[in-house]
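Me: Please pick one helix of this model and look at it closely, then follow its contacts outward to the rest of the chain. I would like one connected account.

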Amino acid sequence: MCVVAFSMIRILFLFGILGLATAQAARPNILFIFSDDHAQHAISAYGSKVNQTPHLDRLAKDGARFTNSFVTNSICTPSRATLLTGQYSHLNGVPVFNRLDGGRDNVAKHLQKGGYHTGMIGKWHLGSDPAGFDRWIVLPGQGAYWNPQFLLPGKKKLNIEGHCTDITTDLGIEWLKTRPQDKPFFLMLHQKAPHRAWEPATRHIEMFKDKVISEPETLWDDYATRPTALPINEQTVARDLTRRDLKLTPPADLKGPALQKWMNEKPMELEVDGKLLTGKELVKWKYQKYMRDYLACVQGVDDGVGKVLDYLDAAGLAENTIVIYSADNGWYLGDLGLYDKRFMYEPGLHVPLLVRGPGVKKGSVPDQFVANIDLAPTFLDLAGLPVPDSMQGRSIAPLLRGESPKDWRTNFYYRYYHDPGHHNTMAHLGVRTATHKLIHYWKQDAYELFDLTADPNEQRNLLHSQSDAQNPAIAAKFTELKSELARLKQQYKDTDDLYADPATWPAGSADGPWDAYQATGTKSVSEAIQVTVHQ
Ligand SMILES: [Ca+2]
């Protein structure tokens, strides 16, 4: 009896070891490709009316395309802090463009400790050096489109000649080629494009120079029912594109501060091809110019995705690599008359999320509410590692497999702080449900309520007219969503004590200074990758 029991234990033990070994061998690589300010509706797989993105579409066709993927705070630096920590801004200490404390817990540290070879390449924009990465090379702050400078471990910096999007792609491929073969990898490959000031590669300028881009339905939005924040915002196509944005040629004799002043001015009349444009004609011209450059930058990102996917195929890595594509915030393609992000209206709230790889249901279109708080937990779950309680999101791995968990979130909490800040966008928070959205501009104590089913373009704030606001069904919905907003604040531990008042914003900038980094000259991509390890 005893001998039989001992043998059984031995067999179970051996199976356990073998099972573990198999699980280790099967752990997938994770390639996270990120871009900056890429609108969901500037991807053809999402039904874009303005461009074609064949390589991103490959990810959608071979994997999952999330239709309701959101961002918690729609600007660069806070979004990136949330990506790494799995936490909302009020918990991770990055509500605005301030520095992320590198000592904080982050997902890369967990993956590195859990046996992954970790890397970070491209736009970082968190002020501190990347922590938790075996090899990294990042842009200082926003970085430059042409002949960019990069920061490296050991407080070094170097320059690489060429266009930043192509360079970032090539750095990613070189990193993959030179990685240790005995470990799964986790690579964050972060493009700077298509961020303002939209400076595309020459081949893409050519591609778009004669294209006429269709205008969105709401380009001429008059903000009639939304008087609180939209009329005074400074991210409009009509009034807020500068000469730099519009790529106008300065007078030859301008230099230094005078040149900068000229570039930063927002022209309200312009001579184009011998004709003076003003008013609506000028707005239409500005829209075309802005969109051509923006979309040409997107094309560089799409090319890069294609090149990396081809490399994975050629290297035999495609089968065991999960590829995820997303962007750091939403973006207005002239929608509501805007460019930029920030506002919680639909184009600002949605981000692309495409996932392909082992275990991901091919051609699926999950519509559950997912967000950037979910990415860190997802990476850990896919790697077979535990998700710490400090992360506020939830792994989307079940959704990738095509499952529909009954207890998945049915609404989403958003908060934007940067006021006073760029573009005069007022601070706000809000809740989005499957059918409605409530926005609260807390400093003005002004609310906007939208029925997204009847009014997907958010043109009719139901609290604006007396007759709407007194409608019992609307009043009841307003009460319900106010109480839901309060509940979500509590659920996510947002007490208003942190960051609602700009005086409480943390010190330190995401934008440098970088003077402490020692310049090491101009290098090739492969030379640069060789110095990504801390010496
Ligand atoms: Ca951004």
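Reply: Two residues are in contact if their C-beta atoms, placed from the backbone, lie within 7 Å. The model is predicted, and the helix chosen here is helix 6, residues 164-177.

Helix 6 has 14 residues, and from its first C-alpha to its last it reaches 20 Å, close to the 20 Å expected at 1.5 Å a residue. Most of helix 6 is covered, with 12 of its 14 residues buried. The buried residues include Cys 164 and Thr 165, the stretch Ile 167, Thr 168, Thr 169, Asp 170 and Leu 171, and also Trp 175 and Leu 176. Charged residues are among them, including Asp 170 and Glu 174.

What do the buried residues of helix 6 pack against? They pack against strand 4 (117-123), strand 5 (135-139) and strand 8, and also against helix 9 (279-314) and helix 15 (525-530). These partners lead to other parts of the protein.

Strand 5 and helix 15 are a convenient place to start. Phe 150 touches Ile 137, Val 138 and Leu 139, and strand 5 covers residues 135-139. Phe 150 also touches Ala 528, and helix 15 covers residues 525-530. Other contacts of Phe 150 are Lys 157, Leu 158 and Ile 160, where residues up to four places away in sequence are not counted.

Phe 150 also belongs to the largest nonpolar core, which has 131 residues. Phe 32, Ile 33, Phe 150, Leu 187 and Phe 379 touch the most other members of this core. Helix 9, one of the partners of helix 6, gives the most to this core, with 14 residues. In soluble globular proteins, nonpolar side chains tend to be buried together.

Helix 9 has a further neighbour in helix 2 (residues 54-62), and the axes of these two helices come within 7 Å and cross at roughly 55 degrees. Angles from 65 to 115 degrees would count as roughly perpendicular and those under 35 degrees as roughly parallel, so helix 2 and helix 9 are oblique to each other. On the side of helix 2, the contact is made by Pro 54, His 55, Leu 56 and Arg 58. Helix 9 contributes Asp 302, Asp 303, Val 305, Gly 306 and Leu 309.

Strand 8 (185-190), another partner of helix 6, comes before a loop that runs to helix 7 (202-208), and Ala 197 lies in that loop. Arg 196 and Ala 197 are joined by a cis peptide bond, with omega about 15 degrees. After helix 7 comes the loop to helix 8 (256-264), where Lys 247 is found. Lys 247 is not a glycine, yet its phi is positive, about 60 degrees. With 14 other C-beta atoms within 10 Å, Lys 247 is partly exposed.

Another helix offers a comparison. Helix 3 (residues 76-85) is mostly covered too, with 10 of its 10 residues buried. Its buried residues pack against helix 4 (89-92), helix 5 (107-113) and helix 11 (375-382). Gly 86 follows helix 3, and its phi is positive, near 70 degrees.

Burial is also found in a loop. Trp 331 lies in the loop between strand 11 and helix 10. Trp 331 is buried because 28 other C-beta atoms lie within 10 Å, and the cut-off is 20 or more. Trp 331 and Ala 39 are 292 residues apart in sequence, but 4.7 Å apart in space, C-alpha to C-alpha. Contacts of Trp 331 include Asp 37, His 38 and Ala 39, along with Lys 341 and Pro 347. Leu 336 lies in the loop between strand 11 (321-327) and helix 10 (346-349). Leu 336 is buried, with 26 other C-beta atoms within 10 Å, and it has a positive phi of about 55 degrees although it is not a glycine.

Finally, the setting. The protein has 15 helices and 18 strands, and 47% of its 535 residues are buried. Among contacts between residues at least 6 apart in sequence, 69% join residues at least 24 apart. The radius of gyration is 24 Å, which agrees with the value near 24 Å for a compact globule of 535 residues.

Conventions
Residues numbered from 1 in each chain as written. Predicted model: local features only at pLDDT ≥ 70, side-chain atom pairs only at ≥ 80, totals over all residues. Helix = DSSP H or I, 4+ residues; strand = E, 2+ residues; numbered from the N terminus. Expected span 1.5 Å × (residues − 1). Core = buried A, V, L, I, M, F, W, Y, C linked by C-beta atoms within 7 Å. Rg over C-alpha atoms; globule rule 2.2 N^0.38 Å. Axes fitted to C-alpha atoms, helices over the stretch in contact; angles between N-to-C directions. Parallel < 35°, antiparallel > 145°, perpendicular 65-115°, else oblique.
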